[in-house]
Amino acid sequence: MRDSSIRCLGMVLMLVAVPLVPASAATTDEDGRSVDGRRLSPFLVQRFAYAVADGVMAPPERCTIAELEQMLNQPNGTSENCPGSFAPYPGAEADTSEEQTSVEPQARAGSCEYETRGDYPHRSGGDVSAHGWWETTTYSSCPTHADVEVWIQGVWCDRWGCRWLTAAHGEKRIRPRNIYNERTTARRACVSHDVVGFRTVVDVDLVGVIDPPDRYVGPPRDVPCRPGPPLSG
Amino acid sequence: MPGSWVTSGAGGPHGTLFLEAFGQLSREADQQGIVAGTADLYLVFSARAALMGWSTTPGRSSAAHIAGPRARPVLWWMSDAEWDAGNGTARIGWVQVELEAGVEPAQALPPLIQCFYDTLRRFGVVEISGLQMTASYLPAAGESSAWDLRTGLNWFTPALGPRAEALVAFDSGLLQGRSGAEFAARLQRMSGSLFEFGPLVPVPAQHSIQIPVEAPIDVVLSPAQWGVSVRLPEWSASAVAWALAVVVDAARASGPGPRNFSVRLTRVP
């Protein structure tokens with residue numbers, strides 16, 4: 001096939017295939033995989049189109065999640081180098097059971113039965129806030145403390161699709177909340193009440209005990225908060 | 001299937017309710033264990049809501065026989081709850097929830113207030129002097145709860161407690177351009193022998209709404225100078241909730257309804 005034909009095919013794919021992808025399927029994780037469980041990825045379609053059309057135009061590089069999060073967590077971070085913005089959750093019917101069951105098997109640490117808990121991201125004054133903690137009814141069989149990490153992730157969309165980006169993070173060594181009322185907090189200031197999709201991720205690591213991966217990924221919630229500069233300290 | 005859930009997406013904020021209880025909480029002398037002020041209001045409130053089927057808390061268990069939480073709560077998604085910081089406002093504590101899609105504030109208020117009151121009572125003897133609910137980010141008004149509220153009046157029929165006088169204060173935006181007299185007349189149509197809404201009356205400063213710093217609200221709400229008097233069949237959480245729900249329903253029932261507002265009911269001598 002001649003070069004001009006290849007270029008034409010590439011351009012056609014870019015113009016036709018991408019608009020056919022429903023907006024609800026445009027949420028992808030860092031691997032370009034749809035986070036709401038759909039197989040069709042506009043990212044992959046467009047990557048293919050760019051590859052075929054190579055030589056016609058130079059495709060801009062897509063920023064990695066690490067680059068984006070580094071940019072967003074600088075005091076005066078701007079999105080000039082990584083164009084995009086926080087956005088509401090796409091909102092389509094989504095089955096995330098795969099994310100819950102295959103990635104994160106049931107956690108168990110000996111005879112210590114515990115629950116990983118996290119509340120829904122919510123507005124707290126002028127911030128978006130979420131908490132993570134652990135609970136147990138068999139405390140005598142458990143370590144006294146656990147390292148509990150909590151992340152607030154927001155939906156970030158750019159021309160390639162949408163991804164979850166960490167907007168806030170907290171980590172603390174705590175005892176079970178149902179006995180000692182201890183919890184880990186993550187929060188970040190809002191600069192406006194634009195609606196953004198958030199979710200809470202919690203990881204409980206029992207101190208001194210080998211426990212299976214038990215990161216809990218909460219359901220997405222739209223919150224009227226566009227994250228602003230990171231909190232100091 | 002354990003650990004699995006299906007979500008229909010966030011679908012935008014469906015409204016936040018920030019409920020505050022004013023009055024006094026004193027620990028019972030023979031009550032062991034939990035001490036108000038150090039215990040976790042959030043967990044007990046969440047537990048009560050889960051037991052009653054009104055809400056659910058997210059998470060996952062290490063025990064294989066414990067399935068995950070329901071995919072969606074019935075009435076609200078839990079956000080936060082805290083005891084008051086003790087700044088001398090006589091506020092006992094507050095709870096913040098986000099409404100489930102399609103749930104009107106007037107529909108959620110009776111169980112929400114009951115849940116809060118039941119929770120406070122677990123920590124000691126509670127004397128409520130008033131409640132304030134601040135709503136924010138509400139969508140356009142949905143179905144009126146007037147029918148269910150009227151049906152609920154039968155709950156109060158066997159009430160034996162002494163009647164109580166109260167004052168309902170609100171922000172000046174609640175009426176959405178309607179006259180105060182028109183609003184009072186609307187409330188009076190919900191009146192009967194049990195609840196009696198009166199005319200507009202001046203609101204003393206101590207009974208005015210005050211927007212708490214913790215409340216997630218981005219608009220300024222100004223206290224209205226006039227409020228509504230109401231006679232309750234009894235001074236109870238359910239009676240306060242009924243009156244507040246009627247006020248909120250009346251405000252939201254016609255037109256798009258206010259999306260950010262605050263309503264406060266205080267017992268008066």
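## Close-up views of a two-chain predicted model

**Figure 1. Chain A at a glance.** In chain A, 70% of the contacts with a separation of 6 or more are made by residues 24 or more positions apart. Please keep in mind throughout that this is a predicted model. The chain has 233 residues, and buried residues make up 52% of them. Its secondary structure consists of five helices and ten strands. About 11,000 Å² of chain A is accessible surface, and 52% of that belongs to carbon and sulfur atoms.

**Figure 2. Chain B at a glance.** Here we turn to the partner chain. Chain B has 269 residues, and 55% of them count as buried. Five helices and eleven strands form its secondary structure. If we take the contacts in chain B between residues at least 6 apart in sequence, 82% of them join residues at least 24 apart. The exposed surface of chain B is about 11,100 Å², with carbon and sulfur atoms supplying 56% of it.

**Figure 3. The largest cavity, lined by residues of chain A and chain B.** A word on how such spaces are found: rolling a probe the size of a water molecule over the atoms shows where empty space is left. In this model the count comes to four cavities of 30 Å³ or more. The largest cavity holds about 90 Å³ of space. It is lined by 14 residues, and the closest to its centre are R123(A), V223(A), P224(A), T16(B) and E98(B). Three strands each supply at least two residues of this lining: β4 (122-124) and β10 (221-227) of chain A, and β6 (91-99) of chain B. The largest share comes from β10(A), with three residues. By character, the lining divides into five nonpolar, six polar and three charged residues.

**Figure 4. T200(A), a buried threonine in a strand.** To find this residue, follow strand β8 of chain A, which covers residues 184-206. T200(A) counts as buried because its relative accessibility is 1%, where the cut-off for buried is under 20%. Look next for D119(A): 81 residues separate it from T200(A) in sequence, yet the two C-alpha atoms are 7.1 Å apart in space. A polar atom of the T200(A) side chain lies 2.8 Å from the backbone oxygen of D119(A). Leaving aside residues up to four places away in sequence, T200(A) also touches several other residues, including Y120(A), P121(A), A130(A) and H131(A). Further along the list of its contacts come V150(A), W151(A), Y216(A), V217(A) and G218(A).

**Figure 5. R91(B) and its two acidic partners, D84(B) and E214(B).** R91(B) belongs to strand β6 of chain B, the strand that also supplies at least two residues to the lining of the largest cavity. This arginine is buried because its relative accessible area is 11%, and buried means under 20%. Its side chain makes a polar contact with the side chain of D84(B), at 2.7 Å. A polar contact with the side chain of E214(B) is also made by the R91(B) side chain, again at 2.7 Å. Apart from residues up to four places away in sequence, the residues that R91(B) touches include F18(B), E20(B), A21(B), F22(B) and P212(B).

**Figure 6. Two loop residues with positive phi, N181(A) and Q176(B).** As background for this view, most residues other than glycine have a negative phi. Phi of N181(A) is near 55 degrees, a positive value. You will find N181(A) in the loop between α5 (177-180) and β8 of chain A. With a relative accessible area of 29%, N181(A) is partly exposed. In chain B, phi of Q176(B) is near 55 degrees and so positive in a residue other than glycine. Q176(B) sits in the loop between β8 (164-170) and α4 (180-188) of chain B. Its relative accessible area of 43% makes Q176(B) partly exposed.

**Figure 7. N73(A), a loop residue of chain A.** This last view shows the loop between α3 (65-72) and β1 (85-86) of chain A, where N73(A) is found. N73(A) is partly exposed, having a relative accessible area of 36%. As a guide to its position, compare N73(A) with H122(A): the two are 49 residues apart in sequence, and their C-alpha atoms are 20 Å apart in space.

How values were computed: Residues numbered from 1 in each chain as written. Chains lettered and ligands numbered in written order. Predicted model: local features only at pLDDT ≥ 70, side-chain atom pairs only at ≥ 80, totals over all residues. Heavy atoms only, no water. 1 Å grid on protein atoms, 1.4 Å probe; cavity = no way out; pocket = protein on both sides within 12 Å on 5 of 7 lines; lining within 4 Å. Points joined across faces, edges and corners; volume = space filled by probe spheres on them. Helix = DSSP H or I, 4+ residues; strand = E, 2+ residues; numbered from the N terminus. Nonpolar A, V, L, I, M, F, W, Y, C, P; charged D, E, K, R; others polar. Buried < 20%, exposed > 50% of the residue type's maximum accessible area, 1.4 Å probe, protein only. Contact = heavy atoms within 4.5 Å. Areas by Shrake-Rupley, 256 points an atom, 1.4 Å probe, with all protein chains shown as cover. Polar contact = N/O pair within 3.5 Å; in protein donor to acceptor, adjacent residues only side chain to side chain.
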